[in-house]
Every structure is written in structure tokens, then in C-alpha cells.
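Colleague: Could you take me through this model slowly, and give the reasoning behind each label you use?

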Amino acid sequence: MTELHATQVAARPRATASPLGPVALTTLLFGAFLPMLSFFIINVALPAIGSDLRATSGELQLVVGSYGIANATLLVVGGRLGDGFGRKRLFLIGLIGFTVMSLVCAIAPTIGVLLAARVVQGAAAAAMTPQVLASITSLLTGEHRARAMAMFGVAGGAAAALGQILGGVLVEADLFGLGWRAVFLVNVPVGVLAVAAAIRLLPETKADQAHRVDLVGAALLALTLVLLLLPLTEGRPLGWPLWTWLCLAATIPAVAVLGVHQHRAEQSGQAPLIPPTVLRLRAMRIGLLLAVAFFTTFGGFMFVFALATQGEAGMSPLEGGLSLLPMAVGFFITSIYGPRLQQRYGAGLILRGWIVQAVGYGLLAVAALTLWPDVDPLKLAVPMLVAGFGSGLVMVPLMGVVVSQVPPAQAGLGSGILLTSQQTCLALGAATVGTAYLALAGTSWGQGGALAAVALAITTVSLLMAPVTHQLRSRSSAQAG
């Protein structure tokens, strides 16, 4: 969600060097909370959206994926624009755009209007979110910065955990007959208050040395993501027509062209979107593999869980949201104690998280196979609590542990790459895991068997990532020694 370019160029605030006050910092952290909340709150509302706007399953996947694609593609661009034109200015532009697009989503009369608004909303989030960590880096030092960085992680984690619960409450309450539209409308008053506070409280900062925006790289990245995600999303409901296979095949040369462009840009002294030298760092490669594994499976699971619980299981949106409450509790526990545990265990905390997560999803698979469709929030509580606890142990320390092993001059770029991969993989998970789930659910497996298959797949991925994480842990230990 940002590249923290301020770290790379040792940016200093031009306006003030005073630490952010509590209210100003809280206002800034809304730039991390609202975009992540908007990604996850929508999942519980998807069945209602599909019914009201007569949307296909592929279009519902795009409601999630289009937002993620726009966000992931423009995150680093947003960070660079903030460096050059002012982080407060870009934060306000993004926050205002995000708030306006939330209103447009809430009143969308058709699925086409909703999808278009989600794209612009994702782009606005990409302008807003990078300024959060960049401002923290440039305005704060020492303990103040460390505490603010931890709060940034907690804000994102809290949004992910609370999003679907809040979505279920809002859809079920049907306030003023709004139904699913309330999940978008809730952003509007919060956004208005945050804009007013940001104008008054946030200081303006810029980077001492701003780099040109790699617009060609951003366009190539967007093309690559569309070529990959669009056919994965639309292929199954359309019966996999020829164009879907052509798009998937074209992904390979698109990646190659992107890689060549990034290499040439770096060789010529420009600032590429995804610097090859950073990708060659061993810690970054391991971190990216862990991020891809976690966020793809996590984003996919959140998408299919909402469909399964409100499908054959017959839960209401509220019950579906409440089924995630134990996961939110587990996540909150690790969000609170994660920074302290990270200081003690380092990358070993992530390793433990993969194992705990595997146990949680394994228990969920057993519940889906043995109890389905007679499930309710209480019967799923233990598996979801364990899975949430493990997910928090992986997600909360991941970026800090990886970036700490990257040379300081490249830490900002490393953060940007990791956070861009986060948004990309959340959208990729909805497309790939969602497609696999929907395909299985339409067979004799049913929705319960399909959910169990997804849970077992995540269990397998978690167990495979544990030894990969151990390599990062060994490297960390060696550096400590």
C-alpha cells in the first residue's frame, strides 16, 4: 500500500518535525483502516448484491477483484506522487475520492455502475494509503515511530477482522431499507470527519528528492493483472470461451515485457515500479513467497466463507458475520501482543503462526465435512478462533520481519513491493480460490465439501510455508549473531 520512499531518500518534513499528536495520528491511520475495511466488508453483502442487481457469480467476484486490481496497480504511483507533490495533499485527494466513490457505490443502480465505482474507489485508496507510512516515517523517530508503525499494522488487521462482521450487522439491520448499500454508505460520514480533521491537523511533508513516476511500469502491471484476473473471474460462469485462454496465455509475455522494462529503467538510473535489485535480495524473495501464500489464501477464504455460510448453511448475513467473530478475537489478541512477541521470537513468530493456522483450518475442514449444513456460529467458533490466532501471528509481523533484513536504503522499496503484493493477492485469492470453490460447489461435493476442500488447501499451504519461514528465521538469527 506504500513504498515508504521516505526511507530510501532520507526524507525530512519541510513543515515540521514535531511528532504527530494522538488525534492527528488516528486521522492518518484511517488511511490504512478504511481501504482494508472496504475490501472485506463487501464479502458478506455479495449474496444480497447479486440478488438486488441480478449479478452473476463472476460479476460478484469482480466487485472484490476490480477494487484490488486498481489499488495494487497504483499504490507505488500514489507513494511517488505524495513524495513529489505533498503527502497531506495526496492523502486528502485520496480520502475525498474514496468517500465520494463510497457514496456512488451505495446508490449504484446497476452492477456496471457499481464495478466502475469500485475501480475508482480502489484508485483513490491507492492515492491515500501510501501517505500514511510515508508520513509516519518522515515525521516520527525512535519509539514514536515504532509505536505508530505497530498501530498501522493493528489498523489493517482490525479492518480485515471487523469488516465482514460489520457488513453482516449492516445488511441484517437493513437500516432505512438500505440493505447492502449501507456497507458502502458507512464510509461517508467517517470519511467526511476524517477530511475535516486531516485539513486541520496533518502537517505537509515532501521527499527531499522525488523520483519520476513509472507510468509505463504501472500500465504494464495493470495489463498483467487484468490479463490474469479477468479470465479467472469470468471464465467459469461463461464456460471458458476462447478469449479467456488467450488472456491467460498472454499473461506470460506481459510479465516478460514488464520485467524487461523494469530492468532497463533501473539500468538507466530511473526509478522503476518494481526494482529488480530489490527482488534479488534473498529476504525479499522469501518474504514475497510468504506474502503471496498468505494473502491469496486469506482473501480467497473470506470470499468463499461468506458464500458458503449464506448458501446451503442457510445463515443470515448477521449469522455469517458472527461466525467470523472468533477469528476477529484471535486476530485482535495477536494484534495487541504481536509487536512484543515479535521482539522475542522474530521470524519464529511467523513460523508458529503457520502451524497454528494449519490446525485451525484443519478443524474447520472437519466441521464442514461432518456437520454441514447444520452449522452455526457457535459450532464453528473453535476452528475460527484458532485460525484467526494463527493468521494474526503470520500477518502482523510479516512485513516488519522481512523489511528488517533488507538494507536500510532499500527498505522503503521493499515495503512497497510487499504491500503491493498484499493487495494483488487479496484480489487474486477472490478470483482463483473463488473460482475453484464455485466449480466444486456445483458438483456432488456441494458447498460444504467445497468449503472443506478450500480449508484443507489452506492447511496444506500453511504447512508448506513453515519450512520456508524457517529459512528467514535462520537468516535473522545469523544476522543477530
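Modeller: What follows is a set of questions and answers about a predicted model.

Colleague: Why is the pair Asp-52 and Arg-181 called a salt bridge?

Modeller: The closest N and O atoms of Asp-52 and Arg-181 are 3.5 Å apart, and a salt bridge asks for a side-chain nitrogen of Lys or Arg within 4 Å of a carboxyl oxygen of Asp or Glu, so the pair qualifies. The pair links distant parts of the chain, since Asp-52 lies in helix α2 and Arg-181 in the loop between α7 and α8, 129 residues apart.

Colleague: Is Arg-181 buried or exposed, and how do you know?

Modeller: Arg-181 has a relative accessible area of 19%, and buried means under 20%, so Arg-181 is called buried. Its partner Asp-52, with 42%, is partly exposed, because that value falls between the 20% and 50% limits.

Colleague: What makes Asp-374 count as exposed?

Modeller: Its relative accessibility is 52%, and exposed means over 50%, so the label follows. Asp-374 forms a salt bridge with Lys-379, the closest N and O atoms being 3.0 Å apart, and Lys-379 is partly exposed at 36%.

Colleague: Why can Val-329 belong to the nonpolar patch on the surface?

Modeller: Val-329, in helix α15, has a relative accessible area of 38%, and patch residues need over 30%, so Val-329 passes that cut-off. The patch, with Leu-322 and Phe-389 among its other members, has about 670 Å² of accessible area together, and α15 gives the most to it, with five residues.

Terms used
Residues numbered from 1 in each chain as written. Predicted model: local features only at pLDDT ≥ 70, side-chain atom pairs only at ≥ 80, totals over all residues. Heavy atoms only, no water. Helix = DSSP H or I, 4+ residues; strand = E, 2+ residues; numbered from the N terminus. Buried < 20%, exposed > 50% of the residue type's maximum accessible area, 1.4 Å probe, protein only. Patch = residues over 30% accessible without salt bridge, like charges linked within 9 Å, V, L, I, M, F, W, Y side chains within 5 Å. Areas by Shrake-Rupley, 256 points an atom, 1.4 Å probe, with all protein chains shown as cover.
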